[in-house]
Structure formats: C-alpha cells, structure tokens
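Colleague: I should be grateful for a close look at one part of this model, taken through in order and in connected form. Please explain each term where it arises.

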Amino acid sequence: MNKFKNVLFYMAMMCIPSLSFAEEIVGIDQKIDQFFTTYFGWFASAIFYGVKIEDGVTFPLIVGWLFVAAIVFTFYFGFIQLRKFRLSVDIVSGKYSDPKSKVPGEVSHFQALTTALSGTVGLGNIAGVGVALAIGGPGATFWMIVCGLFGMASKFTECTLGVKYRNENADGTVSGGPMYYLSKAFKEKGNVKTGKFLAVGFAIMTIFAALGAGNMFQGNQANAMIVQTFGIAPGYGWVTGIVFAVLVAGVIIGGMPSIGSVTSKLVPFMAALYIGMALIVLISHYDQIGGAFEQIFVGAFTGAGVAGGFIGALIQGLKRATFSNEAGVGSAAIAHSAVKTKEPITEGFVSLLEPFIDTVLICTMTALVITISGMNTGELTGVALTAAAFTETASIFEYLLALAVVMFAFSTMVSWSYYGLKAWTYLFGEGKTTELVYKGMFCLFVIVGTSISFGAVIDFSDAAMFAMSIFNIIGLYYLMPIVKEELKSYLSRIESGEIKKYR
C-alpha cells in the first residue's frame, strides 16, 4: 500500500512541470481520450452496468444501490427527514448554537451547508433536468422529487458519522469524511482491515472524482456555455481555464474557512439568481402551472409518449436525482465534518436539507419551466433544452443562464477541491507541502479541463464518483446503529431541556 501511495504521489508531482504550458494542453485531447478508453473503459462500464428491462431501457445498478440505501435509512430512522425538518431549519439558523461556547471546527452550520450545496447545486440542476425530461418526459420530475426526499436520510446518516469520527488537528483544522469513519469506526468494532480497505478505496475514488467530475467537467462545460452564448471562436479555452484557476487558487489556498466564507455568499446569490429567473417564467405563465403539475403527476405513472413509458420516466427521474444530489456518495460528509459543533447529530440534521433544496426545490422549478415551454418534445436535450426553455420567455435569460452556469461550475470546483484534498491528506498525511502539491495539481487540471474535449475522461471520473458510494454505503449499513444512538441521546436532551435554544 505504501508503494502505491508513493507512486501516486510522485506521479502528481511530475504532472506539474510536464503540463505547465497552455500550448502543450491544446491538441492532446484525442490522446487523453484514447488513453482512458483503452485502459479505463472497463471501469466505467462496470460501475454503470445496467440491467435491460425492455428494448431501449436499461436500469443502472449503481442507481438502485443508492436509492435502496436511501429507503432503508428512511425507514430505519423513522422518516427523520419529515419528522424533524423544522428542527433542522432551527439548527442551521443557529438557534441551538451557544454564541459564548468555543467548540472544535472551522465553519458554522450555515457555511458547511452552503459548501456542500455548492458541490451539488450546479450543472445537474440545469443540464441534468433537461436530459431527464427529454428522455423520460415530465413524469421523471415526480420520481426525482421522490428520490430527493428519500435521499435526505442518506445525507443525515453519513454526515453525522463524518463529524463523530473526524480528526481534530493541533492547528485547529479538522479532517473528516467517509475515509475517517470507515477506518476509525470499523477499528472500534474490531474490523481493522475491512475498514482500512473501504477507507483507502473511497479516498482513491474521491481524488479521481475531484479532478474529473468536480473539476475538468465543470470547467469544460462552463467554457462551452461561454463560447455558445457570446459567440467566441473555439481554441481559447485555456484562457478561461487560467482565469478559473486563478480564482479557484485564491479561494482554496486559504483552506476551509476561506471556502466556507466564499460559498456562504456565492451559493445564496447564485441560487437566488436561478430561482428568480424560474419564478419570472412561472409567474408570466401562471395559468399553465396547474397543467404542468398535472403532466408531471400523470406522466409519472403512465410515461405516455416517452422512451420506456412508465419505466422510462421512473428510471430517468431516479437517475438524474441521484446524479444531482449525491446522497449516499459520501462527498457531503467531508464538507460537513468541518463544522463547529460538539454534537455530531446536529450536522446530520443540517445536511438532510441539501437534497430538499437541490432536488425537490431547484430541480422541480427547472422541470416546471421546461414543461411549460413545451420544448421537451423536440430534439433538444440537456443544457440546450433548459436554456431554450428560459429564453422562450425573455432573451436576456440566455446571458443570465450563462452567468449562473459559470458560478455553478466555479462553486462546484471549490467544494470538490476540498473533498479531494481531504482524501489526498488521508492517503499521504497532513502537511503544507502535501497540500500545496495537491492544490497546484488541482488548479492545473482546471486549465486542462477547459482546453480539451473529452468523452472517456468524464465517463471515468463520473464512474469514480459513484464508486465512492459502493465503499461508503457498505460502511453506512454497518454503522447506522451508532447514528441511532446519537439521535436518541440528542433528542432526549432537547426534551429534558439540557440542550437549550439561544434565539
């Protein structure tokens, strides 16, 4: 294992000088794509292996793996996401935070929530919904909502464990996430080797996902949106990349406090911008909202006129919701581990709000805009469909949507840089040099992502992200009794008055 770590570490260091100039990046996209197709194509195929249900309809087993886990956690914790939704809002607003108490951690509940949201609220809410409705029709929206509601319980489970088993460093920083609770909690139960295997596997996949899906893909799509909207000639993606890299570096070098500070301001603004655009569309077509909801509900059980009928609508809804909110993947547990608290369960309550905001609210509003526009019956799909649906109401939305995409991409990069960093330091140890190597490599890959076109690369990085859930959910099943004990203890102390409200 140490030999593998050393090889991976020195490979990363070698990447920096070898890809230091933009000219070397441009034109190598075919070679990179071919490399990933040749050597890692099998990996993406294995992770996204699906069972053929009928002609043209395949159900990816990894989606079922995540959705079944969400259902299990929902029933195991007695529909905690519905019973204690108000308590979650109170905690994130600071009503249970003692302003005079000094507790370990780096960011507030609200900053931890916005950091995690910045990693999930993004292109999945714009392009992903467009894909779902183009293939599965309006009915896919219903199943996205269902998946989002159940996924709240997965976030609750993993983020509670993330705080409980985090490492609190001497300099005041913290490191947490699945790699820590998998190794430490399994060790407590006498399963050292199993826990270590799951933790290392999760960390490796997180690094690959951070560099790919959380970095290169975001920059690539943001640059594509800029080129499309403003009619810029292709071939200058490296310029966009350098700008993004400088901005990302300016944030991530400051660590989690800097990331939390930026996301706590950026996420509400970009969410307000996007939701504001959607509300304008909905208000201007208020007489069609009822009909849109009818199409969503009826289409959920009939799937009339879409690929695969009812099954097609169901699969697309579950698939896009899973890709959007990442419940069960384990990424959010890394961000929430940095929260200032001495009660792990409080961050579980805060985190369950994420799928609600990301999928139930934002994705639903996108779906309503597309359904009302009626454009999902044509040839458009993905971000092109969403953009067309918005601009059908006002042409200026084309530019505002481009701004939203850029902000979503930037915020996702910032959050995933932190996820990858914590996985990196878990494998290679804490230290300024180790961190700078990773941060330099991450910023370099921002430029790579905006400069090349790639298919197999993103297939691999997407597969890596969902492979994270395999290691994570095995651990969650094994450790969920610990979360239940934390829940019972916390709720009993609230009822007894031991835990007080401060606002």
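Modeller: Helices are DSSP runs of H or I with at least four residues, strands are DSSP runs of E with at least two, and both are numbered from the N terminus. On that basis, serine 331 belongs to helix H16, which covers residues 331-336. The model is a predicted one, in which local features need pLDDT of at least 70 and side-chain atom pairs count only at pLDDT 80 or more, while totals for chains, interfaces and linings use all residues. Residues are numbered from 1 along each chain as its sequence is written, and side-chain values use heavy atoms, with hydrogens and water left out.

I begin with serine 331 and its surroundings. Its relative accessibility is 1%, and therefore serine 331 counts as buried (buried means under 20% relative accessible area, exposed over 50%, and partly exposed in between, with a 1.4 Å probe and protein chains only). Once neighbours within four places in sequence are set aside, serine 331 is in contact with Glu326, Trp416, Tyr419 and Met468, where contact means heavy atoms within 4.5 Å. Two of these partners, Trp416 and Tyr419, have numbers that fall in helix H20, residues 397-428. Leucine 403 is also found in H20. Because its relative accessible area is 39%, leucine 403 is partly exposed. Its C-alpha atom is 9.1 Å from that of alanine 222, although 181 residues separate the two in sequence.

The wider setting is the whole protein chain. It has 22 helices and four strands, and 58% of its 503 residues count as buried. Of the contacts with a separation of 6 or more, 85% join residues 24 or more positions apart.

One helix pair may be taken next. The axes of helix H11 (residues 192-230) and helix H21 (residues 432-451) come within 7 Å and cross at roughly 40 degrees; such axes are lines fitted to C-alpha atoms, for helices over the stretch in contact, with angles from 0 to 180 degrees between N-to-C directions. The crossing of H11 and H21 is right-handed, meaning that the near helix is turned clockwise from the far one by less than a right angle; an anticlockwise turn would make it left-handed. On the H11 side the contact is made by Ala210, Leu211, Gly214, Asn215, Met216, Gly219, Asn220 and Asn223, and on the H21 side by Tyr438, Met441, Phe442, Phe445, Val446, Val448, Gly449 and Thr450. These residues comprise nine nonpolar, seven polar and no charged (Ala, Val, Leu, Ile, Met, Phe, Trp, Tyr, Cys and Pro count as nonpolar, Asp, Glu, Lys and Arg as charged, and the others, Gly among them, as polar).

Two further helices have a buried face. Helix H12 (residues 237-252) has 16 residues and reaches 22 Å from its first C-alpha to its last, close to the 22 Å expected at 1.5 Å times one less than the number of residues. Buried in H12 are Gly237, Thr240, Gly241, Phe244, Ala245, Val248, Ala249, Val251 and Ile252. Seen down the axis of H12, these buried residues fall within an arc of 160 degrees, so they line one face; the arc is that of the directions from the axis to the C-beta atoms. On the other side of H12, Val246 and Gly250 are exposed.

Helix H14 (residues 289-302) has 14 residues, which should span 20 Å, and its end C-alpha atoms are indeed 20 Å apart. Its buried residues are Ala292, Ile296, Gly299 and Ala300. They fall within an arc of 110 degrees down the axis of H14 and therefore line one face of the helix. The face turned away carries the exposed residues Gly290 and Glu294. Threonine 302 is also placed in H14 and, because its relative accessibility is 43%, counts as partly exposed. Its C-alpha atom is separated by 9.9 Å from that of leucine 314, 12 residues away along the chain.

Helix H10 (residues 178-188) is mostly covered, with eight of its 11 residues buried, namely Pro178, Met179, Tyr180, Tyr181, Leu182, Ser183, Ala185 and Phe186. Just after H10, glycine 190 takes a positive phi of about 85 degrees.
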